[in-house]
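User: Please take a close look at one loop residue in this model and the core it adjoins. After that, carry on to the helix that packs elsewhere and to the main pocket.

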Amino acid sequence: WWLWFDCDTYFMNMSVTLDSLVHRYIGLGSPSVPGGGQHGVLETGGVDPAVSLLVAEDAAMLNTGAFLLRRSDWSRDFLRRVWGTEDSAWIDHPWWENAAIIWDLLRGNSERFRQGVVPAKAASDDLQGVSPDEVRLMPQYEFNSYHPATAQNMHDSWEPGKFALSFNGVLSNTSPLVVQVLYGSYYELACELNKLQRQSSEELASDATVAAQTCIFMDE
């Protein structure tokens with residue numbers, strides 16, 4: 001599995017593991033999986049092999065500020081389609097990859113709905129069939145909670161205990177100075193909540209350089 005996280009997203013609860021999210025929503029014993037177990041008990045090991053993308057929706061649409069992508073042929077084809085060609089209509093779109101991914105996953109729905117092709121009434125989920133079978137939607141509070149400046153009582157708002165805090169839209173709703181203050185304040189809060197030692201910007205930059213050099217060494 002490969003994790004995409006926008007650079008304006010903070011891990012606020014480091015006791016939450018990525019594999020716990022994967023198993024909660026596509027574990028073979030999960031209630032989220034057809035035929036899965038009850039009360040979230042994983043009755044059998046492994047995860048649903050049909051699912052390759054885990055992503056969340058906010059109150060308006062799919063938001064790709066955070067998603068998990070499985071290594072699979074479907075995922076490779078998906079990334080190629082989203083990347084597109086040099087004259088792709090999404091290159092200069094203000095939503096960048098978010099717009100390209102939404103178009104790729106949902107573009108066939110208008111034609112299906114026009115033809116009257118809708119999910120069976122017996123489906124337990126009224127969104128079944130809206131996204132490809134390889135996609136599983138997660139609640140926003142699990143993966144991509146917003147700062148109150150963006151949430152504004154419409155989207156999920158971050159509070160202590162939730163996994164991640166996204167500053168998506170905060171700059172548009174405030175100012176560069178406010179964003180700078182919020183970044184610093186929530187960095188300190190993340191350290192406090194997770195009992196981590198705070199580092200200066202110079203120390204963080206040094207650690208990032210060492211990490212990058214280590215990755216290059218390991219890759220070689």
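Analyst:

**Asn13 and its surroundings**

In this predicted model, Asn13 lies in the loop that runs between strand E2 (9-11) and helix H1 (18-26). Asn13 is buried, because its relative accessible area is 15% and the cut-off for buried is under 20%. Apart from neighbours within four places in sequence, the contacts of Asn13 are Gly161, Lys162, Phe163 and Asn194.

One of these partners, Phe163, leads on to the core. Not counting residues up to four places away in sequence, Phe163 touches Asn13 and also Phe5, Tyr10, Phe11, Met12, Val16, Leu18, Leu21, Glu142 and Phe143. Phe163 is also listed, with Phe5, Val22, Ile26, Leu54, Met138 and Phe143, among the residues with the most contacts inside the largest nonpolar core, which has 14 residues. Two elements, H1 and E4, give two or more residues to this core. H1 supplies the largest share, four residues. A second, separate core has 13 residues, among them Trp74, Phe78, Ile102 and Leu105. In soluble globular proteins, nonpolar side chains tend to be buried together.

Trp74 and Phe78 also appear in helix H2 (residues 73-83), where the buried residues are Trp74, Ser75, Phe78 and Val82. These four are on the same side of H2, because the arc they cover around the axis is only 95°. An α-helix has 3.6 residues a turn, so residues three or four places apart point the same way. The buried residues of H2 pack against strand E3 (53-57), strand E4 (62-69), helix H3 (97-106) and strand E5 (135-138). On the face turned away from the buried side, H2 carries the exposed residues Asp73, Arg80 and Trp83. Gly84 follows H2 and has a positive phi, near 70°.

The remaining topic is the pocket. The largest pocket has a volume of about 740 Å³. Its lining comprises 28 residues, and those closest to the centre are Asn63, Trp95, Trp96, Asn168 and Gly169. Two or more lining residues come from each of E4, H3, helix H7 (170-173) and helix H8 (176-193). H7 gives the largest share of the lining, four residues. By type, the lining divides into 13 nonpolar, 11 polar and four charged residues.

E4 links these parts of the description: E4 gives residues to the largest nonpolar core, packs against the buried residues of H2, and contributes to the lining of the largest pocket.

Conventions. Residues numbered from 1 in each chain as written. Predicted model: local features only at pLDDT ≥ 70, side-chain atom pairs only at ≥ 80, totals over all residues. Heavy atoms only, no water. Buried < 20%, exposed > 50% of the residue type's maximum accessible area, 1.4 Å probe, protein only. Contact = heavy atoms within 4.5 Å. Arc of directions from axis to C-beta. 1 Å grid on protein atoms, 1.4 Å probe; cavity = no way out; pocket = protein on both sides within 12 Å on 5 of 7 lines; lining within 4 Å. Points joined across faces, edges and corners; volume = space filled by probe spheres on them. Nonpolar A, V, L, I, M, F, W, Y, C, P; charged D, E, K, R; others polar. Core = buried A, V, L, I, M, F, W, Y, C linked by side-chain atoms within 4.5 Å.
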